[in-house]
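Here is a short, friendly tour of some local features worth finding in your viewer. Keep the sequence at hand as you read along.

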Amino acid sequence: MQVSNLRLLFLTPFPPLKPSFSLFPKSKPYSLLTALASSSSHPKRRRPIPYNSPRPRSKSTFRHRDKPMEDKTESVSFNKRRADGNDKSERPKKNFQRNKRALNPTNTIAYVQFLGTGMDTLDTSPSVLLFFDKQRFIFNAGEGLQRFCTEHKIRLSKIDHIFLSRVCSETAGGIPGLLLTLAGMGEEGMSVNVWGPSDLKFLVDAMQNFVPNAAMVHTRSFGPTHGSVGAPMADETQFADPIVLVDDEVVKLSAILLRPSFLEGSQRLNGVPIMHNPTKKVLDDRMDHASEHINLNSRSILTGKPGDMSVIYVCELPEIKGKFDPVKAKALDVRPGPKYHELQLGNSVTSDNKNIMVHPSDVMGPSVPGPIVLLVDCPTESHFQELLSVQCLSSYYADFSGPPDNAKVVTCVIHLSPSSLISSSNYQRWMKRFGSAQHIMAGHERKNMEIPILKASARIAARLNYLCPQFFPAPGFWSLQDSDCLATESTPSSEGSVCENISAENLLKFTLRPYAHLGLDRSVVPSKVAAADVIYDLLSENPEIVDAAQCVSQFWSQSTETKEEIRFVQEDTVMVEEPWFSENTLPSCLDNIRRDDMEIVLLGTGSSQPSKYRNVSAIHINLFSNGGLLLDCGEGTLGQLKRRYGVEGADNAVRGLRCIWISHIHADHHTGLARILALRRTLLKGVPHEPVLVVGPRQLKSYLDAYQRLEDLDMQFLDCRNTTDASLNAPSRATDSNKHHSSPGKDRQQKVDSTLFAKGSRMESYWKKPGSPVDDAVLSLQKMLSEAGLEALISVPVIHCSQAFGVVLKASKRLNSVGKVIPGWKLVYSGDTRPCPALIEASRGATILIHEATFEDGMEDEAIKKNHSTTEEAIGVGNSAGVYRVILTHFSQRYPKIPVFDEAHMHKTCIAFDLMSINMADLPVLPKVLPYLKMLFKNEMTVDELDEILDVESVAS
């Protein structure tokens, strides 16, 4: 057999690599985009849009070089105070500012607008914007609101008040991230008034674990309070009237509480209180007497828990004064001048000569009542029964029989209630009581699922899917287009007629001022964009993508032949014609691996805060029939699952979750957790199941314990400290666990003395050994691993903040195609970290390493300050550990579409994109796709939204 010169070159033995982070000669990194766009005659790296790099900092400020951590490893530079959790004192004290703007009494512009978060994915409650010239109100702030506002250039710094119709993960999931973003704005930071029913205090108590107290000083709750969970509320009857929250010359905004009080004998369906459906006669009686006082003491009431209360918000604009008539004023002997102005302001004046009092009604035309908007959140049938009994709503009904001066005409009713309730004949009959009011349905309407709300990321996903559908499957919403399930359904009432209503659309407006334009405005509603239109634009801009897509598809047609060649190499020890040989030697764990073994779905690949193109951290480990795991769960994770798998597919993925592992307490890694847990609880109601296991840092338990006063999360918690190699291999733990299951770490030797946080090391202060183990949770972990086909889940302490971890997942051994027992795959996820010797040791021989690469090369000082990694450092960790494949993720939002890095060392590495799905069977071709990705983005600007990037990393990451 002939051996080429290239093969002879690589037959020369290589010296073993030392576990060092200086694996490559220092060279100037350059962007993938620049590499294509720039001519070879320009040796210097050029960036399409320069960003403001931080000033060079003294390295002594952040570097800690007392002595080597290990004899064989270079000293690692990091921010010691931050890693130890003691850097809060270094941050400047901020006095968070609130918007203080002079109001405009004439208020020429006012409208209601629907911010369509969750409209396409049905994962969260849509938000509603109430806009005035000098004031902005938002109702509900579910997950994804911040990302939505970035996409549509809605400036959060202009928001004055946020009102919650309920306090739960569906309506308030975006509050933590929003507060952190506002806290990072400007030198002093900003805050916003957050209003909600008394349950809001439970959310505030929970957020104190990771949101600065100063950012929450303007949270205001109203209504009766719970003494304890399940206890009756104090002074309940005094809140029967509307609670006025805002009352100025622009708007009067009131809250009407709906607290479901269900009678003895009523039932709970799927954990939600449900009243027996009343007969038509009973309903008529309740409607006829809705204005009568109902004696609460005459009923035997079962109290709910915090989180059950909902709110109806009433927004009343002042009347529009009639036109001033100077002829009438002159006839009453009022001369032109200041008195005219006083009369127009509504003040009475004395005539100039006749000495009589002239009132505004004497000289003004008839006034027009101001528009009234109601926002109704009635989540359950039980709430609806209370709604029928609300006495203070009677004056807003068209059939009001009280004094005419008290009657009010409602202009628009916005229904946040679920479509299943709205479509009922009883609800439709109640809607008709508002007469000619326009009804807008803002609950989860299936017709909205066909239009992606985040159009920028949807376009990127469609382009990536065209180039490489194997790694970028079609997003779930594209498959819904032209589906029969999206047909609009009518909602017949009991009389056979339909109450006229409109389905809310993304960015739909209802104009309130000027009065001449009162009504719906669809001028800014986004048009429907099909995937075919996106691809047409792509091919018009970049015709070479057609050939590129064909080349990429050939990787899979050649994969079988390539694997045979690689196996031949392994058996005969002959090298293939490749410039690097280790990454082209197929690991034995991938021999004959099935496509339904494991798939990595990168749901969020950005850092700190969501951007138009990248959501914050989350990875779904899809084990197919064995369920799945989540590694980190940033805000919007549920929405990303629904974009990847479709609405129903995501529900199945949530049902199948066996474990959720959280790396550390920073908000961009866990604020989507409550929404996932709450949905899983709902989906599995009435189905025998076990609580999902949540593994995380100890601070996370404090947050979840406090949050569970609002919603039952149906989970079991296990501290990351009890899943480290040292803890799992402790003699007492091994003895106890052998009684039930084999220990996940029984074949590994304890290497505590060589780890970063070992006793006697200079990092010992960052790690305190756990106390007595949480036996039940550990046994649940072992059971989960066994049922999921996994051998081990091991948390690894890393260098970022107090209680920060990476994780190792190892699959169980299996038989290959010839019946030989081979090891299972090994996956390592770094979380947020500096290059870390403990993580290198844990990654040795790993099949795949997912490592953060927050900063580009050349920003080492910034990476050290924040305890993150640069691209080169992340690749160096993979090379030091001998990892087969490296995936880089957690990119700074400085790089919205594609990050900046030195492509010379990417031979076994790929960069992550949101919704990227990597099947273990496709790992051999993973790095080959990278050159085609840079071709896809060659006409894109590297940094295109720097003016929108907020420096909130000091608060949020």
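Phe-624 sits in the loop between β23 (618-622) and β24 (628-633); strands here are DSSP runs (E) of at least two residues, helices are runs (H or I) of at least four, and both are numbered from the N terminus. The model is a predicted one, where local features need pLDDT of at least 70, side-chain atom pairs count only at pLDDT 80 or more, and totals for chains, interfaces and linings use all residues. Residues are numbered from 1 along each chain as its sequence is written, and side-chain values use heavy atoms, with hydrogens and water left out.

Phe-624 has a positive phi near 55° although it is not glycine. Asn-140, also not a glycine, has a positive phi of about 75°. The table adds accessibility, where buried means under 20% relative accessible area, exposed over 50%, and partly exposed in between (1.4 Å probe, protein chains only).

| Residue | Loop | Relative accessible area |
|---|---|---|
| Phe-624 | β23 to β24 | 32%, partly exposed |
| Asn-140 | β3 to α5 | 0%, buried |
| Pro-835 | β32 to α27 | 2%, buried |

Pro-835 lies 6.8 Å from Ala-874, C-alpha to C-alpha, with their positions 39 residues apart in sequence.

Now for the sheet. Its 8 strands form an open, mixed sheet in the order β6-β5-β4-β3-β2-β1-β20-β21; strands pair if DSSP finds at least two bridges between them. The edges are β6 (219-222) and β21 (519-521), each pairing on one side only. Strands β1 and β20 run antiparallel, joined by 4 bridges, and Val-112 has Phe-510 in β20 as its bridge partner. Pro-514 follows in the loop between β20 and β21, and the peptide bond from Arg-513 to Pro-514 is cis, with omega near 0°.
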